[in-house]
Amino acid sequence: MKKTIFFFLIILLQGCQYFEKKVPKKDELLNKELKKINWLEVDEFPSTLHCDSIDDKITRKQCFFDFMTQNIREKLITDSIKILFPKLDTIPVKVTVFANASLSFEPNLLKYNSDYDTEKVDSIIQSKLSYFPSVEPAIKRGIKVKSQFILPIVLK
């Protein structure tokens, strides 16, 4: 009987060690999770009301870029650009969609730097694109985030 109780206590004490698990530190868990995240891609691209009904991610992305290109082109193709810069056929525009759904447009005229007054082109773009249709920001892991991309706007 004493041997049975002694044997039971030994098994009980030894068995408790199997239940002890090392709890990982929160910094280790955080670093491990941060390494898993691809910071160069978003889960959902920015979107507009026009493209929200599309379920396919690639088609929705293309719809958004087509919408942005078409709207920017329509606003920039006015007489002022044509008269001031008749030889300018394509303007690369850096578009920033902020997390609060505001937009920023910046012409990228590095290759035309000596040919055109970039400040004048920038001011025209800012004035023409000041009233732009609403855009929903990109989403990364359920959070609205800032995204940037360059759209080549063909004027001719």
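A nonpolar surface patch of about 330 Å² greets you first, made by Leu30, Leu34 and Trp39. Keep in mind as you look around that this is a predicted model. The chain has 156 residues, and 28% of them count as buried. Welcome to the tour, which goes on from the patch to the fold, the largest pocket and the salt bridges.

**The surface patch**

- One member of the nonpolar patch, alongside Leu34 and Trp39, is Leu30.
- To find Leu30 in the structure, look for helix α2, which covers residues 26-36.
- Leu30 counts as partly exposed because its relative accessibility is 47%, and partly exposed is the class between under 20% for buried and over 50% for exposed.

**The overall layout**

- Five helices and five strands make up the elements of the chain.
- Starting at the N terminus, you meet these elements in the order α-α-α-α-β-β-α-β-β-β.
- Strand β2 spans residues 103-107 and includes Glu106.
- With a relative accessibility of 43%, Glu106 counts as partly exposed.
- Between the C-alpha atoms of Glu106 and Ile91 there are 10.0 Å in space, while the two residues stand 15 residues apart in sequence.

**The largest pocket**

- The volume of the largest pocket is about 270 Å³.
- The pocket is lined by 14 residues, and those closest to its centre are Leu40, Glu41, Val42, Phe45 and Ser147.
- Two elements, α3 (57-76) and β5 (147-154), each give two or more residues to this lining.
- Strand β5 supplies the largest share of the lining, with three residues.
- By character, the lining residues of the largest pocket divide into eight nonpolar, four charged and two polar.

**The salt bridges**

- Side chains of opposite charge can pair when their charged atoms come close.
- You can look for five salt bridges in this structure.
- One of the salt bridges joins the side chains of Lys140 and Asp43, with an N to O distance of 4.0 Å.
- That pair links distant parts of the chain, 97 residues apart: Lys140 belongs to strand β3 (residues 138-140), and Asp43 sits in the loop between α2 and α3.
- The two partners differ in their surroundings: Lys140 counts as buried because its relative accessibility is 12%, under the 20% cut-off, whereas Asp43 is partly exposed at 35%.
- Glu44 and Arg60 form another salt bridge, and their closest N and O atoms are 3.9 Å apart.
- Because Glu44 lies in the loop between α2 and α3 while Arg60 lies in helix α3, this pair ties together parts that are 16 residues apart in sequence.
- Glu44 has a relative accessibility of 37%, so Glu44 counts as partly exposed.
- A further salt bridge pairs Glu136 with Lys144, whose closest N and O atoms are 3.6 Å apart.
- Here Glu136 counts as partly exposed at 40% relative accessibility, and Lys144 also counts as partly exposed, at 46%.
- Glu33, Lys36 and Arg141 take part in a network of salt bridges that links the three residues.

Technical notes: Residues are numbered from 1 along each chain as its sequence is written. This is a predicted model: local features need pLDDT of at least 70, side-chain atom pairs count only at pLDDT 80 or more; totals for chains, interfaces and linings use all residues. Side-chain values use heavy atoms; hydrogens and water are left out. On a 1 Å grid over the protein atoms alone, a cavity is a set of points where a 1.4 Å probe fits but cannot get out, and a pocket is an open set with protein on both sides within 12 Å along at least five of seven lines; lining residues have an atom within 4 Å of a point. Grid points are joined across faces, edges and corners, and a volume is the space filled by probe spheres set on the points. Helices (H or I, at least four residues) and strands (E, at least two) are DSSP runs, numbered from the N terminus. Ala, Val, Leu, Ile, Met, Phe, Trp, Tyr, Cys and Pro count as nonpolar, Asp, Glu, Lys and Arg as charged, and the others, Gly among them, as polar. Patches are made of residues with over 30% relative accessible area and no salt bridge: like charges are joined within 9 Å, nonpolar side chains (Val, Leu, Ile, Met, Phe, Trp, Tyr) within 5 Å. Accessible areas come from the Shrake-Rupley method with a 1.4 Å probe; for residues, only the protein chains shown count as cover. Buried means under 20% relative accessible area, exposed over 50%, partly exposed in between (1.4 Å probe, protein chains only).
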